[in-house]
Amino acid sequence: MSIVITGNPGVGKHTVAEKIAQILGLSIIDINKIAKDAGMFEENEGANDVDTEKLKKILAQRISENNLIVGHLAPYVLEKNQVKKIIVLRRSPYELITVYKNRKYPDAKIKENTGSEILGIIVHDTISRFEEKTVQINITGKTIQEGVEKVITLISSNEGNEKVDWLDLVTKNNDLRKFFAD
Ligand SMILES: Nc1ncnc2c1ncn2[C@@H]1O[C@H](COP(=O)(O)OP(=O)(O)OP(=O)(O)O)[C@@H](O)[C@H]1O
Ligand SMILES: [Mg+2]
């Protein structure tokens, strides 16, 4: 069974996973890279419409014991019995905007992705498939090193699972319009 790191685009999955793979001696399976190599992103730049059944089959053939599987599609292309623990990285939508602007995402794509993080779509879908194997880490305001340490603690001791509610924060800040209006 594998450790999995998932979460919305831009939360820091690959950055953190590369360091963790080094420290723990795991080899990374990058779901996006596998999908890309199989030509599955060619028709749509978003990853929303990939053929998850096909990707699931390809992944099943690739996975072995010492893998760290990474990608926002993880909850849709893995089965519970393939997973030891699935870590959902969470990051404030206010920080994500900066990441997306640096990536030059168009406004609509920024809203789609921050909206998804605020509503907790990935964590919801992860819990519904992986149940008690799901854990969350909030890396907002953390350095990469601190994020890596949090994840390693969670992998090794099972401590540090966090509750995250951006909707509450955004509502209190009176920013619902900023993220959800046209
Ligand atoms: N504490 C942190 N942990 C991880 N990444 C961070 C942190 N702070 C800032 N970053 C930065 O966030 C940016 C996004 O990280 P990264 O590309 O790893 O995201 P990702 O989740 O893999 O995105 P995608 O799903 O699009 O592949 C990077 O520029 C990274 O350096
Ligand atoms: Mg990445």
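In the predicted model, five strands are assembled into an open sheet whose order is 2-3-1-4-5, and the pairing is parallel. The edges of this sheet are taken by strand 2 (27–30) and strand 5 (134–138), each of which has a single partner strand, so that one side of each is left without a neighbour in the sheet. From one strand to the next, the twist averages 25°.

The pairings can be followed across the sheet from strand 2. Strand 2 and strand 3 are joined in the parallel sense over four bridges, and within this pair Ile 29 is placed opposite Ile 69 of strand 3. Strand 3 is also paired with strand 1, again in the parallel sense, here over three bridges, with Ile 5 standing opposite Val 70 in strand 3. On strand 1 (residues 2–6), the pairing with strand 4 (residues 83–90) is likewise parallel and extends over five bridges; in strand 4, Lys 85 is the residue that stands opposite Ile 3.

The side chains of strand 3 (residues 67–70) are divided between two directions, Asn 67 and Ile 69 pointing one way and Leu 68 and Val 70 the other way, and all of these residues are buried. Two of the buried positions, Ile 69 and Val 70, recur in the pairings described above, Ile 69 opposite Ile 29 and Val 70 opposite Ile 5.

Ligand 1 is surrounded by 16 residues, of which the closest are Gly 10, Lys 13, His 14, Thr 15 and Arg 103. By residue class, this shell divides into six nonpolar, six polar and four charged members. Helix 1 (residues 13–24) contributes the largest share of the shell, namely four residues. Several contacts to oxygen atoms of the ligand can be described individually. In the case of Gly 10, a backbone N or O atom lies 2.9 Å from an oxygen atom of ligand 1, whereas for Thr 15 an N or O atom in the side chain is 2.5 Å from an oxygen atom of the ligand. A side-chain N or O atom of Arg 91 is found 3.0 Å from an oxygen atom of ligand 1. Taken alone, ligand 1 exposes 640 Å², and 75% of that area is buried by the protein.

Outside the sheet and the ligand shell, three loop residues were examined. Most residues other than glycine have a negative phi. Against this background, Glu 131 has a phi near 45°, a positive value in a residue other than glycine; Glu 131 is located in the loop between helix 7 (121–130) and strand 5, and with a relative accessibility of 44% it counts as partly exposed. A positive phi is likewise found at Asn 174, where the angle is near 60°. Asn 174 belongs to the loop between helix 9 (166–172) and helix 10 (176–180), and this residue is exposed, its relative accessible area being 69%.

The third of these residues, Asp 49, is situated in the loop that runs between helix 2 (31–37) and helix 3 (52–62). Asp 49 is exposed as well, with a relative accessible area of 59%. Between Asp 49 and Asp 165 the separation is 116 residues in sequence and 27 Å in space, the latter taken from C-alpha to C-alpha.

Conventions. Residues numbered from 1 in each chain as written. Chains lettered and ligands numbered in written order. Predicted model: local features only at pLDDT ≥ 70, side-chain atom pairs only at ≥ 80, totals over all residues. Heavy atoms only, no water. Pairing = 2+ DSSP bridges. Axes fitted to C-alpha atoms, helices over the stretch in contact; angles between N-to-C directions. Near = heavy atom within 4 Å. Polar contact = N/O pair within 3.5 Å; in protein donor to acceptor, adjacent residues only side chain to side chain. Areas by Shrake-Rupley, 256 points an atom, 1.4 Å probe, with all protein chains shown as cover. Nonpolar A, V, L, I, M, F, W, Y, C, P; charged D, E, K, R; others polar. Buried < 20%, exposed > 50% of the residue type's maximum accessible area, 1.4 Å probe, protein only.
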